[in-house]
Amino acid sequence: MLLSAFMRLSDSSTHTPDLPGVAERRSLYPAAATFPWVEALVDCPNATESYIYRIPNGMAVEPGDILSVPFGAQQMGALAVRRLMQLPEGLSVDEVRPVEAVVGHGFFPPGYWDLLQRVATAYCTPLMQVVRTALPPGLLRRSQRRIRISDPAPLAPDDTLSPVAQTLLTVLRQSATGDYTWTYLKRQSPRANQGLRELIQGGWVRSYLEPPKAVRPKQRQAVTLTGASPLSDLSPRQREVLEVLRRQGGELWLQDLLQRCQTSSSVVQGLEKKGSVTIQRREVLRREMTATTADQPQTLTSDQARVLAAIAPLRHYQSILLHGVTGSGKTEVYLQAIAPLLQAGKSALVLVPEIGLTPQLTDRVRARFGDRVLVYHSALSDGERYDTWRQMLTPQPFVVIGTRSAIFAPLHQLGLIVLDEEHDGSFKQDQPAPCYHARTVAQWRAQISDCPLLLGSATPALESWHRAQPTDSQSVAETLYLSLPQRIHARPQPPIQVVDMRQELRQGNRSIFSRSLQEALTALRDRRQQGLLFIHRRGHSSFLSCRACGEAVHCPHCDISLTYHQPTPEATPTLRCHYCGYAQRSPSLCPTCDSPYLKPFGSGTQRVVEAVEQQFPDLRCIRFDSDTTRTKGAHRALLERFAQGDAELLVGTQMLTKGIDLPQVTLVGVVAADGLLHLSDYRAGERAFQVLLQVAGRAGRGDEPGRVILQTYSPAHAVVQAVQRHQYDRFASEELHQRQLGFYPPYCRLVLLRLSGPDAALVKQTATAIAERLRTAEMGQVLGPAPAAIARVARRFRWQILLKFPLDVAPHTVDWEGLVRSHCPPQVSLTLDIDPLNFW
């Protein structure tokens, strides 16, 4: 059982026992007495530098410890960076305040600081912001000011107070505890400051600071047999409780015992008084657990065996690209590469691009490795992430599965890092800073840990593919290239039928389904098969437009049309903005010309489901998109329902393309490929190819052959032709040639400057001035400034500047503070996105 890593902040004299493994790390440092000072990062929005504090006598502070420190008038969380033997010149002893308490010991493994510092430097982000991203939420918290009614209260009558003071006092008296946060009280009156001063001066209330509340371990009461001789005066109920405990090995959780025996806690408490049992609180780790059936390693194909034989001997850093077609068994290679590492006491980190991918992969990995598998992603509760983090700090070997934030998991003795579907853009964080790419950070982490990095995909990112190819100047590629060119059991790739929707319209078919897709859908139920329908956007329709004046209904806060939502034909239609969250009922009249001729245009997942229900009433549908998977466990629940045969069709967005393995699916229909083909982005072709080939690969993974029907108005498009022929190599070669001609990655480095603010003229003026300064300083190629693709979001106007640097110029070496940030007014926010993927 893990020991608690936190202490009560109100009792700074009490110290928390170290986690297992922490004591060994602490022995690496000299005694704290020789280092009376500590440099710490304070978790304050405006604090971007470190601060020095005094270590009180008898308190042990080491790098990586989480502290509670005074900061101004508040008590805040901080992170110990390093200990100091002496103060910097110019800083006197009297100016240095003491550490209040150690909140947690050893929350980073050795070498972890190197990774965080490298991320902060490379992505031009304050180190504290990187720390906030890496740590589980809640470890660093701020104190808050509270107001409490004085005890005893003044003898003066209430009517001597001003109306605003009386209002605040009334609110406080209505509280069960007699106090509220000052933030809450300020909202009760526009002149709350004046009223509070009056109450404090008159002795009615007092103001105090509430220390930060850290996430606490979860505890339950356990009942344990003491082994004492049974007493003669036991009641029948008590004898039954003891018998149940004996059958269960002598120990049960109290609640479980009460349920089994259908009795009350007083019966067990009576046994405790008689010495027959003990009742004590114990920590319960909050973990995402699912029941799985034990799984054994599968017999490998010749291709899989060849790949595993190349990976298994690697003991030091090596970047590997595993290019395996969909259904070729990449996951089994991962599992068999991880197994000997666990036996050797080393851990493995497996990253996936979406939370929706974790249920299937987690179940399969747990079936192989049992309780040594941990899951870490943002959909877990704060408590679950906290407990998982603490488990990873122990020296035990684990397999951790998570999304991009799991790259910061504090694992010891890393033996392998795996990025599954490494091409996916979800590995890149756009906001908030640091705007890191998990693939890049994984490479740094693998180098620091000196372990292999395995990148797996059926459609590798062009950057990864480029690094795996020898060059004219380098006969050996930077990345080791391994391939799985065939599906398991020699299953064929599903043939892809491209349907020209222009011809469908000319021949009188006005349905969103081509005649070929209609025939295939009709046959599904008869053959007891299942299918996927892919549409690139959620919602019912892309927008609501007036057929009289031609105007679309726009978001009042953003420069984009509202998306039309109608989950069922009976539901009230709504319009929503997918950027700022604004929502309204669908109007009956055009807001511009009062015309009643409003019509939804375009197709989303809701409309596709509605069309299926109208044209194919015998087919059952499940919608799988971000609207239907918001709640915890929704991904797993929907996929389990589909796998159990509760529906013939799974209708979804790009979530369907990311590693979902459904052997019973024989049909994949791409309802409208054109929404992916014509985007104003140099990566549009690559993304469209990856999405279409990945979704096509969901078909025919079982015993029955698969079939793909791709509907488009651009059948001659180069991407469509390459997808139809499953020609990744040729597509990559042609796309890289175009990138080289245009001087785009992987042949250069990009930096995107995003400026936004409520004043359109000021944002434009600032962007123009900064772009001119960058040109004068000859900072590579400067493109812009230009309005963002969506020029206004949440009432903030947005401009962008794109910089192109040669590969031998590192963006972090640029003086961004002097060139850019110092010339940005407070009303305009500025973010730097190093190696951006999105330009919206």
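At what angle do the axes of helix H21 (residues 684-696) and helix H23 (residues 728-742) cross, and within what distance do they come? The legends below take up this pair after an overall view, and every view is drawn from a predicted model.

**Figure 1. Overall view of the predicted model, with its secondary structure and its buried residues.** The secondary structure of the protein comes to 25 helices and 33 strands, and of its 840 residues 53% count as buried. Among the contacts in the protein with a separation of 6 or more, 76% are accounted for by residues 24 or more positions apart.

**Figure 2. Close-up of helices H21 and H23, which are roughly antiparallel to each other.** The axes of H21 (residues 684-696) and H23 (residues 728-742) come within 11 Å and cross at roughly 165°; because angles over 145 degrees count as roughly antiparallel, this description applies to H21 and H23. The crossing in which H21 passes H23 is left-handed. On the H21 side the contact involves Gly 685, Glu 686 and Phe 689, and these meet Tyr 728, Phe 731, Glu 735 and Arg 739 of H23. Sorted by class, the residues of this contact comprise three nonpolar, one polar and three charged.

**Figure 3. Close-up of Arg 739, a buried residue in helix H23.** Arg 739 is found in helix H23, and with a relative accessibility of 3% it counts as buried, since the cut-off for that class is under 20% relative accessible area. When its neighbours within four places in sequence are left aside, Arg 739 is in contact with Leu 462, Glu 463, Tyr 682, Arg 683, Glu 686, Tyr 744, Pro 745, Pro 746 and Tyr 747. One of these partners, Glu 686, is also listed among the H21 residues that meet H23.

**Figure 4. Close-up of the loop between H23 and strand S30, showing Phe 743 and the bond from Pro 745 to Pro 746.** Phe 743 has its place in the loop between H23 and S30, and its phi is near 55°, a positive value in a residue other than glycine. At 25% relative accessibility, Phe 743 counts as partly exposed. Pro 746 also has its place in the loop between H23 and strand S30 (749-757), and the peptide bond that leads from Pro 745 to Pro 746 is cis, with omega near 15°.

**Figure 5. Close-up of the cis peptide bond between Gly 784 and Pro 785.** The bond that joins Gly 784 and Pro 785 is cis, and its omega is about 10°. Pro 785 has its place in strand S31 (residues 781-793).

**Figure 6. Close-up of Gln 413, a loop residue with a positive phi.** Gln 413 lies in the loop between strand S15 (399-402) and strand S16 (414-420), where its phi is near 50°, a positive value in a residue other than glycine. At 53% relative accessibility, Gln 413 counts as exposed.

**Figure 7. Close-up of Ser 680 and Phe 839, two residues 159 residues apart along the chain.** Ser 680 lies in the loop between helix H20 (674-677) and H21, and Ser 680 is exposed, with a relative accessible area of 78%. The C-alpha atoms of Ser 680 and Phe 839 are separated by 9.0 Å.

**Figure 8. Close-up of helices H4 and H6, which are roughly perpendicular to each other.** The axes of H4 (residues 163-174) and H6 (residues 192-201) come within 8 Å and cross at roughly 80°. Val 164, Ala 165, Leu 168 and Leu 169 of H4 meet Ala 192, Gly 195, Leu 196, Glu 198 and Leu 199 of H6. By class, the residues of this contact are seven nonpolar, one polar and one charged.

**Figure 9. Close-up of helices H7 and H9, which are roughly perpendicular to each other.** The axes of H7 (residues 236-247) and H9 (residues 265-273) come within 10 Å, with a crossing at roughly 80°. From H7 the contact draws on Arg 237, Gln 238, Val 241 and Leu 242, and from H9 on Val 267, Val 268, Gly 270 and Leu 271. Divided by class, the contact of H7 with H9 has five nonpolar, two polar and one charged residues.

Note on methods
Residues numbered from 1 in each chain as written. Predicted model: local features only at pLDDT ≥ 70, side-chain atom pairs only at ≥ 80, totals over all residues. Heavy atoms only, no water. Axes fitted to C-alpha atoms, helices over the stretch in contact; angles between N-to-C directions. Helix = DSSP H or I, 4+ residues; strand = E, 2+ residues; numbered from the N terminus. Parallel < 35°, antiparallel > 145°, perpendicular 65-115°, else oblique. Left-handed = near helix turned anticlockwise from the far one by under 90°. Contact = heavy atoms within 4.5 Å. Nonpolar A, V, L, I, M, F, W, Y, C, P; charged D, E, K, R; others polar. Buried < 20%, exposed > 50% of the residue type's maximum accessible area, 1.4 Å probe, protein only.
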